[in-house]
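Student: Could you take me through the surroundings of the ligand in this model, with the cut-offs behind each term?

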Amino acid sequence: MKKARLSMVVVCLLVICISLPLSGATTISVDREHPGAKIAPTMWGLFIEDINFIGDGGLYAELVKNRSFEFPDAMMGWSKVNEDPKAGSIVVIQKEKYEEANARCLRMEVKKDRAEVGICNEGYRGIGIKQDQSYYFTTWSRTSEPEMRVRVEVVAENGQTLLSGKFTAEAGNWQHHCFQMKARATGMKGRLIVTAISKGTIDLDSISLFPENTARQMYGRMVPGLRADLVAMMAAMKPGFLRFPGGCIVEGFNLATRYQWKKTVGDLDDRQVLINRWNIEFKHRLTPDYFQSFGLGFFEYFELAEQIGAEPMPIINCGMACQFNTGQTVAVEKLGPYVQDALDLIEFANGPADSRWGRLRATMGHPAPFNMKYLGVGNEQWGPQYVERYQIFAKALKEKYPDVQLIAATGSDPAIFPNGPAEVDYLWSQWRVLKPDIVDEHFYRPADWFYHNAHYYDKYDRQGPKLFVGEYAAMSHFVGSPDNRNNLKCALAEASFMTGMERNAAVVVMSSYAPMAGHVDGWQWKPNLFWYDNLTAYATPNYYVQQMFSLNRGDCELPIKVTGADGMLLPASACLEESTGQTIVKVVNPGADPVEVALVIDGIKQPGAGSQALVLAGHPDDENSIREPKKIAPVQEAWNGADLHYTLKPYSLTVLRVAE
Ligand code: AHR
């Protein structure tokens, strides 16, 4: 009897020993028995603002800058190829009333037989052409000559012709031309040259060149779509939502330069060019040639969101210009048209095809509604004027569209705007009473702040408004600094903060890094999620962090406890993926040494078949670049073993998928 009892004790001790972590290991306990809040499908999203040439010069695939000569300096981006006045002349003429969206065009006159007159477009920091790809050249022409011949070429920096073609204009009013050219070679910084080669006068307008693989039909003709590789970069993150169009772009320097969605829809030629607010915002990064053509307007935005499976989330101007600039504010009694714009936007997105704005959507090619569910009222607004205007918007919007969830702002990052913390406290005191559906917070802070604030949202009221972490990014220097880096250290700091968002899925329902991307030769703001030149794009470590969270979102968060980490913080979160039954653990090791962790998950003693580890690791200063696009990239490996021990690499984010 005694012997039997003894062997029972030995067996029990053995069982306990096997299930205990090895000594020295950090324990990560996950409570699968008590799942927490649902994780919103919108948790990890993307935010597009036309900064850093994300719109024109980036996503919008038009390769010609100032295609309709509507920039304030009509010839910006263009130069004359033949300056000999005896051969001919080139002038920009006013063809319509000054206020019209497309008021000007180019007039080229060839004065002599066998003479030529041409113009050259520099593109957006050059024109990128890829060998063997096809490109569409389109333009409008008008001439009174029986026949005017025009040559079109894209020439590389070394003088090599990359693309070439010709068209002939005939006498009459405006004619549309469209033809394809196949690239003979690749060039990063080509120039488009359009040359009149017969004697006579010809007017040209809307001179456009774009890759065939982006082409889309609109009003019966080919128009530029969105750059495929950049859309692919966005889609690969599987974002839950797409916020648009800003950011400060929404607000404008003043109300005249605010973003007005109605001016961004309909025929391309009717979309009035507007100065991009990032043109002159940073004195150290002046970008005098930055204008918005609105080729990527609200229709294209809704289509893009649909294409990549993201919920659209427009932000609308609430009658206030940027409070870092003029802060111009519309009088309350004059707010009506602004509120109407918001109502009409919902009708444009969701209204039936026979409603006024729904009809425009249908005419543009999308009869079915876009099913928009979220709308932000104002971007980085603050003060009682904002609260007053928000209430007017909310009343009108909720009356007509009670199901559209409204997002209210809390100003900018409290660390950077005048009297920030007090302003944010004031806004929160109002939001607690007014209860907008969702409240938007922004953080541009040092990496250490993000690392130490993995528990930031633990204290937030579960009964209050839901949270949208609408803009955040770790700064290696300081906000606005051109020296900020997209390095692994910053990415891991963001990952730490994101574990806190996931653990607080009960309050945090959406988040987006900002800004989304930057052109390597045309940026104003650093850091950015991904970068591109005229030919390729690469993801930063920060992008991979976002992607690792988004592709491993899970359905509900699981309580998690990290113990014995030797005084070091190991930010971590856990969730359950219902379709696979897998437990997903995300953990950051911010230190220089490997850390051995022992997972304790009820009912699971070892990684089952299909368990995986996805690891992003390297040196904290490591960055990716056009030359080394994958210096830092996640590596996936099967995870098997006799127990749930795993060794975290130094400076790493690890996503462990544990199958039963
Ligand atoms: O993300 C860049 C800018 O930062 C956004 O336009 C603005 O909302 C914030 O201040």
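Tutor: An oxygen atom of the ligand lies 2.7 Å from an N or O atom in the side chain of Glu380, a polar contact in the sense of a pair of N or O atoms within 3.5 Å, where pairs within protein must also join a possible hydrogen donor to an acceptor, and residues adjacent in sequence count only if both atoms are side-chain atoms. The protein covers 97% of the 290 Å² of accessible area that the ligand has on its own, with areas taken from the Shrake-Rupley method with a 1.4 Å probe.

This is a predicted model, in which local features need pLDDT of at least 70 and side-chain atom pairs count only at pLDDT 80 or more, while totals for chains, interfaces and linings use all residues. Residues are numbered from 1 along each chain as its sequence is written, and side-chain values use heavy atoms, with hydrogens and water left out.

Further polar contacts to ligand oxygen atoms come from a polar side-chain atom of Glu49, at 2.6 Å, and from a backbone N or O atom of Cys248, at 2.9 Å. The residues around the ligand, meaning those with a heavy atom within 4 Å of it, include Gly247, Trp278, Asn379, Tyr444, Glu471, Ala514, Pro515 and Trp525. By class, this shell holds six nonpolar, two polar and three charged residues, where Ala, Val, Leu, Ile, Met, Phe, Trp, Tyr, Cys and Pro count as nonpolar, Asp, Glu, Lys and Arg as charged, and the others, Gly among them, as polar.
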